[in-house]
Amino acid sequence: PIRKSPTWWAMAQDERRAVYDRGGHLPIGMDYLPGVARKLYHSRDLGEPFDFLTWFEFAPEEEAAFDHMLVRLRECAEWAYVDREVDIRLERC
């Protein structure tokens, strides 16, 4: 789960898009396919406490790659507007 700051949501949509495009968020994720797969759910308009739920799936041997991807994503310009993030990890038995 990720929540963006009020500053992010106060920006016009084209301003937010410019930050997103400048950050390279999408190309970073593409660098880790097919080992790390992602599904993004938007929940801001549903009254949920988080704006997005991002679900990643990867095999145990891809965990280091996943962690590296997170480091890169958190360095993006867009990440400066993240107000809260919760990292939940589950394993299939």
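In the predicted model, Arg89 has a relative accessible area of 37% and is therefore classed as partly exposed. Two salt bridges of this residue were examined. In one, Arg89 is paired with Asp67, and the closest N and O atoms are 2.8 Å apart. This pair joins distant parts of the chain, since Arg89 belongs to the segment after strand 4 and Asp67 to helix 4, with their positions 22 residues apart in numbering. Asp67 has a relative accessibility of 31% and so counts as partly exposed. In the other salt bridge, Arg89 is paired with Asp87, with a separation of 3.1 Å between the closest N and O atoms. Asp87 is likewise assigned to the partly exposed class, because its relative accessibility is 41%. Arg89, Asp87 and Asp67 belong, together with Glu63, to a network of linked salt bridges.

The overall architecture provides the frame for these contacts. The protein contains four helices and four strands, and their order from the N terminus is β-α-α-α-β-β-α-β. Along the principal axes, the C-alpha atoms fill a box of roughly 40 × 30 × 15 Å. Of the 93 residues in the protein, 27% are buried.

The count of salt bridges in the model comes to 10. Side chains of opposite charge can pair when their charged atoms come close. Besides the two formed by Arg89, a salt bridge is found between the side chains of Arg17 and Asp21, with an N to O distance of 3.2 Å. Arg17 and Asp21 both lie in helix 2 (residues 13–23) and are four residues apart, so about one helical turn separates them. Arg17 is partly exposed, as its relative accessible area is 48%. A relative accessibility of 48% also places Asp21 in the partly exposed class.

The aromatic side chains were considered next. A pair of aromatic rings is described by the distance of the centres and the angle of the planes. Four aromatic pairs are counted in the model. For Trp8 and Tyr81, the ring centres are 5.3 Å apart and the planes meet at 50°, so the arrangement is tilted. This pair also connects distant parts of the chain: Trp8 is in helix 1 (residues 6–10), whereas Tyr81 is in the loop between helix 4 (63–74) and strand 4 (82–85), and the two are 73 residues apart. Trp8 is buried, because its relative accessibility of 5% is under the 20% limit for that class.

A stacked geometry is found for Phe58 and Phe66, whose ring centres are separated by 4.5 Å and whose planes form an angle of 20°. The two members of this pair fall into separate accessibility classes. Phe58 is partly exposed, with a relative accessible area of 27%, while Phe66 is buried at 5% relative accessibility. Both residues join Phe56 in one aromatic cluster.

Contacts between positively charged side chains and aromatic rings are also present. Lys4 lies over the face of Trp8, at a distance of 3.7 Å from the ring centre. Trp8 thus takes part both in this arrangement and in the tilted pair with Tyr81. Lys4 is located in strand 1 (residues 2–4) and is buried, with a relative accessible area of 5%. The side chain of Lys4 additionally makes a polar contact of 2.6 Å with the side chain of Glu78. In a further case, the charged end of Arg44 is positioned over the ring of Trp9, 4.0 Å from its centre.

A nonpolar patch was identified on the surface. Its members are Tyr41, Leu53, Trp55, Ile88 and Leu90, which together have about 570 Å² of accessible area. Tyr41 is situated in strand 2 (residues 36–42). The relative accessible area of Tyr41 is 43%, so this residue is partly exposed.

Key: Residues numbered from 1 in each chain as written. Predicted model: local features only at pLDDT ≥ 70, side-chain atom pairs only at ≥ 80, totals over all residues. Heavy atoms only, no water. Phe/Tyr/Trp six-rings, centres within 6.5 Å; stacked < 30°, edge-to-face > 60°. Buried < 20%, exposed > 50% of the residue type's maximum accessible area, 1.4 Å probe, protein only. Lys NZ or Arg CZ within 6 Å of the ring centre and 35° of its normal. Patch = residues over 30% accessible without salt bridge, like charges linked within 9 Å, V, L, I, M, F, W, Y side chains within 5 Å. Areas by Shrake-Rupley, 256 points an atom, 1.4 Å probe, with all protein chains shown as cover. Salt bridge = Lys/Arg side-chain N within 4 Å of Asp/Glu carboxyl O. Polar contact = N/O pair within 3.5 Å; in protein donor to acceptor, adjacent residues only side chain to side chain.
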